[in-house]
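Me: I have a model open and want to go through it piece by piece. Can you take my questions as they come?

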Amino acid sequence: VDAAAERLDVLLEAVDSNGLLPIRLAERAYPTAHQFRRYLHRALPERTFDAPASEPLKSCALPAAVTAPEILARWPAADLDALRREGAMADLPIDHSVPPVPGVAGGAEAARRALERFLDERLRAYGESRNDPSADATSRLSPYLHFGHLSAHEVVAAVLDREGWSPARVNEKARGKRAGWWGVSDSAEDFLDELVTWRELGFNNAARDARWDRFDGLPDWARRTLTAHERDPRPYLYDLEIFERAATHDALWNAAQRQLVLEGRIHGYLRMLWGKKILEWSASPRDALDILVELNDRLAVDGRDPNSYSGIGWVLGRYDRPWGPEREIFGTVRYMSSENTYRKVRVREYLLRYAP
C-alpha cells in the first residue's frame, strides 16, 4: 500500500477489512492472548455486529467503466487459454522449485465451498478433534483468508448463523476467557477464538511492533533463557537442506515436513512439534528462527502472514510463559517431543500417509 501511494498522484484510501477489529484501534502490541482477549471482549461488541454490506455499491448510480486506450496498449488483456497450457508460467519470476498444491483451487467460489464443507463436516467435532492428526478436523481456511478469497467477517457470520446466534448471547462476564464468551457451542467457541483472537493478535503484533518477525522481538524472558542455553550441545544438528528434504532421524517430524512440501500445510498440532524440533536441532535459536521463516515462507500456502508468524514466534516463547523444569537448549521455553506426541494424539494414519 505504501509503495502504491508513493507512485500515485490521486487519493488512495485503504479499507481495513482484515478482521472484526480494526487493526489501528489497539494502540499497543499485546504480549499474550489472554491480555488481547480481555481487550477484544471490551472493544469488539460495539463493532462486531456492524458487518460490511455484502453489496456496498448496490444503491449507487455509477457510470460505466471506460478503460483508457493507453492502458489497454500497455497491459493487453490476458489470454486465459494460453495461461492454462503446460509451461505457460515458466517465464514468471517465481520459485519454480515449489510446485502447485495438488487438488486445491483458489478463488472466492472455492473458498466458500471450503467454508461450507467445514461447517457441514468438521465444525461439530472441531473442539475435541482439531488436535488429532488422524481426524483432521481443522478448517483448512487459512490460505483463503491469507489471499483474501474469504473474509473473517464472512466466516464469523457463517459460523454464528449455523449456531442460531444473536448478540444477546454474548457473556459480558467472560472477559479474557478462552471459551464461553460468544454463547455458542464449545466447538464453535474454540474455532472463533482461533479465528478472531489468535489471528488478529498476530496482526496486532505486526502492526505495533517493528520487531515482530525478529529474535529481538521475542519476550525478554524467552530471549534470556534461549541465549543462556545457546551453546548447549544438540543431540542432532541439521541444516536447512536436511530439514527441507525431510531427512532427519525422526519419522514423525519427517512426515510433517513432507506434508508441508506436498500440500503446503502441516496439521496444526504437528506444526507446533515441527517448530519445536527445528529449535532443538539447529545450531542456535537465531538459526532456528531463520530456518522456520524460510520453510514457512517458501512452502506454506498460508505463509508470509502475521498469523503464521504467530506460530513461529510461539515456538520460541512468544505469547507463552516460562515452563519448568529448565532444560538444555530450551531453557524455560515450552518443550515438546515426538515421544509425548505419540502418546497424546493418534498419528498412525498420519505416518502411513506421509512417511516414506
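What follows is a chat about the overall fold, one helix, the cores and a few single residues.

Me: Before anything else, what kind of model is this, and how are residues numbered?
Reply: It is a predicted model, in which local features need pLDDT of at least 70 and side-chain atom pairs count only at pLDDT 80 or more, while totals for chains, interfaces and linings use all residues. Residues are numbered from 1 along each chain as its sequence is written, and side-chain values use heavy atoms, with hydrogens and water left out.

Me: How many helices and strands?
Reply: The protein has 18 helices and zero strands. Helices (H or I, at least four residues) and strands (E, at least two) are DSSP runs, numbered from the N terminus.

Me: What radius of gyration does it have, and what would a compact globule have?
Reply: The protein has 22 Å, which agrees with the value near 21 Å for a compact globule of 356 residues. The radius is taken over C-alpha atoms, and the globule rule is 2.2 Å times the number of residues to the power 0.38. Along the principal axes, the C-alpha atoms fill a box of roughly 70 × 55 × 40 Å.

Me: What share of the residues is buried?
Reply: Of the 356 residues, 42% count as buried. Buried means under 20% relative accessible area, exposed over 50%, and partly exposed in between, with a 1.4 Å probe and protein chains only.

Me: And contacts far apart in sequence?
Reply: Among contacts with a separation of 6 or more, 69% are between residues 24 or more positions apart. Contact means heavy atoms within 4.5 Å.

Me: Now α11. Which residues are buried there?
Reply: Trp 221, Ala 222, Thr 225 and Leu 226 are buried in α11, which runs over residues 220–228. They sit on the same side of the helix because they cover an arc of only 120° around its axis. That arc is taken from the directions from the helix axis to the C-beta atoms.

Me: What is on the other side, and what do the buried ones pack against?
Reply: Arg 224 and Ala 228 are exposed on the other side of α11. The buried residues pack against α14 (268–281) and α15 (285–299).

Me: Which residues have the most contacts inside the largest nonpolar core?
Reply: Phe 243, Trp 274, Ile 278, Leu 295 and Tyr 350 do, in a core of 42 residues. Helices α11, α13, α14, α15, α16 and α18 (348–354) each supply at least two residues of this core. Apart from it lies another core, of 40 residues, among them Leu 115, Trp 165, Leu 192 and Tyr 319. A nonpolar core is a set of buried Ala, Val, Leu, Ile, Met, Phe, Trp, Tyr and Cys residues joined through side-chain atoms within 4.5 Å.

Me: What does Tyr 350 touch?
Reply: Leaving aside neighbours within four places in sequence, Tyr 350 is in contact with residues including Pro 133, Ser 134, Leu 252, Ile 266 and Leu 270.

Me: Where is Ser 134, and what does its side chain reach?
Reply: Ser 134 lies in the loop between α7 (126–129) and α8 (142–146). Its side chain reaches the backbone oxygen of Arg 346 at 3.1 Å.

Me: Switching to backbone oddities. Which peptide bond is cis?
Reply: The one from Gly 324 to Pro 325, with omega near 0°. Pro 325 is in the loop between α16 (306–315) and α17 (338–344).

Me: Where is Tyr 319, and what is its phi?
Reply: Tyr 319 is also in the loop between α16 and α17. Its phi is positive, about 65°, although it is not a glycine. Tyr 319 is buried, with a relative accessible area of 9%.

Me: And Ala 246?
Reply: Ala 246 has a phi near 55°, a positive value in a residue other than glycine. It is in the loop between α12 (240–244) and α13 (251–263), and counts as buried at 8% relative accessibility.

Me: Is Asp 209 buried or exposed, and what does its side chain pair with?
Reply: Asp 209 counts as buried, at 13% relative accessibility. A polar atom of its side chain lies 2.9 Å from the backbone nitrogen of Arg 211. Asp 209 is in the loop between α10 (186–208) and α11.

Me: Last one, what separates Ala 206 and Pro 306?
Reply: Their C-alpha atoms are separated by 6.3 Å, and the two are 100 residues apart along the chain. Ala 206 is found in helix α10 and counts as partly exposed, at 22% relative accessibility.

Definitions and conventions: Polar contact = N/O pair within 3.5 Å; in protein donor to acceptor, adjacent residues only side chain to side chain.
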